[in-house]
Amino acid sequence: MSSLAILKGVVLLFVGCFTNNFFLEMIIKVDPGCGPALTLCQFSLIVLTLLPNHITKPRIMPLWFYAVLTVMFFLVSYLNNLAFAFQISQPVHMVARSSSLAVSFFVGVAFFGSQFDSKKLFSIILVTLGILVTLSAEAESKAKKSAAKQMDSGCTGVGCNGIPSGEENQHGEDDLFYWGVGIAMLFVALILSAILGHFQSYGYRMWGKHSEEVKFYSHFFSLFGFLFSGQEIATHFEMWSATPPLVIPYMDLDTGIPKMWVWVFINALTQWVCVSGVYLLMSNTSAVTVTLWLTLRKFLSLIFSVWYFSNPFMSGHWFGVALVFAGAILYGVS
């Protein structure tokens, strides 16, 4: 176990993931429906960086395994980014995804014959309660916001939500229902992610742990899934190209490059850095240590998001967040 490698992994994790989350939020504030386009850019960069090492290297795992793996991996990534188009804030997104350990536990026990561990049950209960409390607080906040919009617009009838059609809410649905669809997407993605994790573990047991090969082929084959969203993605690319050029602060230097493209590139690049940090930690330290570092990083990212981007967070949100992260830490050490 190399102390230098662990330190490098922690630095990559915090710098990469923090920067990635910052630019992700910058992007979705401008273009909340860009999930598929952003995911394509992220996947493309990862494939390009891994291609030289795998273009001539014989594949070890069978194609049928990658076919199943890719479908689940693509849907998980697609749904997670698409959820931002349904009024899901970055803090709530992070809290919901922090329940992945609990979901994986239930899926493993129910469908993959995993042994039930009573020691983890308390942490699972904490995470579940935390998610429910956070979502309840967020639903209350959304309902108040929707009611305020109706009062401001002088509309109190059925279907009044104070949102111009085709602008703030392109589907013309009520805020709370629209948000609920986004939450449903996140939980479908969580379930698929848990199944994906167990299926990947099965592959490692059968053919050995070839994480770099899995990372390359899962991202490479996923690129074909974006063919079904080609027109929508092209629309977002055009919108990004129409944004004002990036001006470097304090230097008043006009780069001539649309600022959204700069943000997207940095987001995709830092995601690669973040993932590299996670893989480095996984190969040099215990799963418990990795869980603790990841939990700390998510918690600090959430606090920064609430502070810097002024995302509304009430006492109920914070209580739920405390339960979720306490449960995640207990799960890792139990």
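A disulfide is a pair of cysteine sulfur atoms within 2.5 Å. In this predicted model, one such link is present, and it joins C17 to C274, with the sulfurs 1.7 Å apart. The angle about the S-S bond is 65°, which makes the link of C17 and C274 right-handed. C17 belongs to helix α1 and C274 to helix α10 (residues 259-284), so the disulfide ties together parts that are 257 residues apart in sequence. Both ends are buried: C17 has a relative accessible area of 2%, and C274 has 13%.

Two further cysteines can be set against this pair. The sulfur of C34 has its closest cysteine sulfur in C41, at 8.9 Å, which is too far for a bond. C34 counts as buried because its relative accessibility is 1%. C41, likewise, is in no disulfide, the nearest cysteine sulfur being that of C34. With a relative accessibility of 16%, C41 also counts as buried.

C34 appears again around H236, a residue of helix α9 (residues 230-241). Apart from neighbours within four places in sequence, H236 is in contact with D31, G33, C34 and A37. H236 has a relative accessibility of 12%; the limit for a buried residue is 20%, so H236 counts as buried.

The next topic is the aromatic residues. The whole structure contains 34 aromatic pairs. In one of them, F14 and W293 meet edge-to-face, with 5.8 Å from centre to centre and 90° between the planes. Helix α1 (residues 3-30) holds F14 and helix α11 (residues 287-308) holds W293, so this pair ties together parts that are 279 residues apart in sequence. F14 is buried, at 16% relative accessible area, whereas W293 is partly exposed, at 29%.

F74 and F226 make another edge-to-face pair, with centres 5.1 Å apart and planes at 80°. This pair too links distant parts of the chain: F74 is in helix α3 (residues 63-82), F226 is in the loop between α8 (211-222) and α9, and the two are 152 residues apart. F74 is buried, with 13% relative accessibility, and F226 is buried as well, with a relative accessible area of 4%. Elsewhere, aromatic residues gather in one cluster, whose members include W64, F65, Y66, F199, Y202 and W207. Also in that cluster are F216, Y217, F220, F221 and F224.

Burial can also be followed along a whole helix. Seven of the eight residues of helix α4 (residues 90-97) are buried, so the helix is largely enclosed by the rest of the structure. The buried residues are Q90, P91, V92, H93, M94, V95 and A96.

The model also has paired strands. Strand β1 (residues 245-248) and strand β2 (residues 253-258) run antiparallel and are joined by three bridges. Across this pairing, V247 stands opposite D254 in β2. Four residues lie between the strands of the hairpin, where Y250 takes a positive phi near 70°.

A last point concerns the confidence of the prediction. The pLDDT averages 83 over the protein, and 88% of the residues score at least 70. Residues 161-173, however, have a pLDDT below 50; beyond near neighbours in sequence, this stretch has 21 contacts in the model.

Technical notes: Residues are numbered from 1 along each chain as its sequence is written. This is a predicted model: local features need pLDDT of at least 70, side-chain atom pairs count only at pLDDT 80 or more; totals for chains, interfaces and linings use all residues. Side-chain values use heavy atoms; hydrogens and water are left out. Two strands pair if DSSP finds at least two bridges between them. Buried means under 20% relative accessible area, exposed over 50%, partly exposed in between (1.4 Å probe, protein chains only). Contact means heavy atoms within 4.5 Å. pLDDT is the predictor's confidence in each residue, from 0 to 100. Rings of Phe, Tyr and Trp (its six-membered ring) pair if their centres lie within 6.5 Å; planes under 30 degrees apart count as stacked, over 60 as edge-to-face and the rest as tilted.
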